Amino acid sequence: MSFLIATAQAAEGASAGQMDPGFFNIIFLVGFGLIFYFFMWRPQSKRAKEHKNLIGGLAKGDEVITAGGIIGKVTRLNEEYVVLEVAEGTEMKFQKAHVAAELPKGTIKGI
């Protein structure tokens, strides 16, 4: 029977030097949170800020492309909508949020 007691004491001593599983879980969750922040949240908020600046900086005469791929020149603006001239004499009304990018001046004439 004494050989079982020695084994039990050896197992107790070995577990004293190991890291607590609860502490490991906390480190794992913090690491996962950092990865989530740096690879998902931060880039998305940066893109949203850039898009907000783009929408706020629109002016009459700017050449833009919409999220649907339509290229046009801004003819009129209000708080929510932008009117684009997509062809001579043809205007289309879009929500400002659907403007994807501003194009360099003269892009439409080159098409």
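## A starting point: V64

Let's begin with one residue, V64, which stands opposite E102 in strand β5. V64 also has a bridge partner in β2, namely G72. This is a predicted model, and V64 is a handy place from which to explore it.

The strand pairings put V64 in context. Strand β1 (residues 63-66) pairs with strand β2 (residues 71-77) in the antiparallel sense, over three bridges. β1 and strand β5 (residues 99-103) also run antiparallel, and four bridges join them.

## The overall layout

The protein chain contains two helices and five strands. Read from the N terminus on, the order of its elements is α-α-β-β-β-β-β. Buried residues account for 15% of the 111 residues in the chain.

How much of the chain's surface is exposed, and what share do carbon and sulfur atoms supply? The chain exposes about 8800 Å², and carbon and sulfur atoms supply 63% of that area. As for contacts between residues at least 6 apart in sequence, 38% of them join residues at least 24 apart.

## Following the strands

Back at β1, a second residue can be traced across to its neighbour: E63 has K73 in β2 as its bridge partner. The hairpin of β1 and β2 has four residues between the strands, and in this hairpin G69 takes a positive phi near 95 degrees.

K73 leads onward, as it stands opposite E85 in β3. β2 and β3 pair in the antiparallel sense over four bridges, and they form a hairpin with three residues between them.

## A look at Y81

Y81 sits in strand β3. Is Y81 buried or partly exposed? With a relative accessibility of 31%, Y81 counts as partly exposed.

Which residues does Y81 touch, once those up to four places away in sequence are left out? They are R76, K93, F94, Q95 and K96. For one of these, K96, the separation can be given: its C-alpha atom and that of Y81 are 5.1 Å apart, although the two residues are 15 residues apart along the chain.

## The nonpolar core

Nine residues make up the largest nonpolar core: L54, I55, L58, V64, V74, V82, L84, F94 and V99. Helix α2 and strand β3 (81-87) each supply at least two residues of this core. V64, our starting point, is one of the core residues.

I55 is another member of the core. Leaving aside neighbours within four places in sequence, I55 is in contact with K96, A97 and V99. V99 is itself part of the core.

## A nonpolar patch on the surface

Nonpolar side chains also appear on the outside. I26, V30, L34, I35, F36, Y37, F38, F39, M40 and W41 make a nonpolar surface patch of about 1100 Å².

F36 is a good example to pick from this patch. F36 is placed in helix α2 (residues 21-56), and because its relative accessible area is 39%, F36 is partly exposed.

## Two salt bridges

The structure holds two salt bridges. In one, the side chains of K105 and D62 meet at 3.1 Å, N to O. K105 lies in the segment after β5 and D62 in the loop between α2 and β1, so this pair ties together parts that are 43 residues apart in sequence. How do the two partners differ in exposure? K105 has 58% relative accessibility, so it counts as exposed. D62 has 8% relative accessibility and therefore counts as buried.

In the other, the side chains of E91 and R76 meet at 3.2 Å, N to O. E91 belongs to strand β4 (residues 90-95) and R76 to strand β2, so the pair ties together parts that are 15 residues apart in sequence. E91 counts as partly exposed because its relative accessibility is 41%. R76 is partly exposed as well, with a relative accessible area of 48%. R76 has come up before, as one of the residues that Y81 touches.

Notes
Residues numbered from 1 in each chain as written. Predicted model: local features only at pLDDT ≥ 70, side-chain atom pairs only at ≥ 80, totals over all residues. Heavy atoms only, no water. Patch = residues over 30% accessible without salt bridge, like charges linked within 9 Å, V, L, I, M, F, W, Y side chains within 5 Å. Areas by Shrake-Rupley, 256 points an atom, 1.4 Å probe, with all protein chains shown as cover. Salt bridge = Lys/Arg side-chain N within 4 Å of Asp/Glu carboxyl O. Buried < 20%, exposed > 50% of the residue type's maximum accessible area, 1.4 Å probe, protein only. Core = buried A, V, L, I, M, F, W, Y, C linked by side-chain atoms within 4.5 Å. Contact = heavy atoms within 4.5 Å. Pairing = 2+ DSSP bridges.
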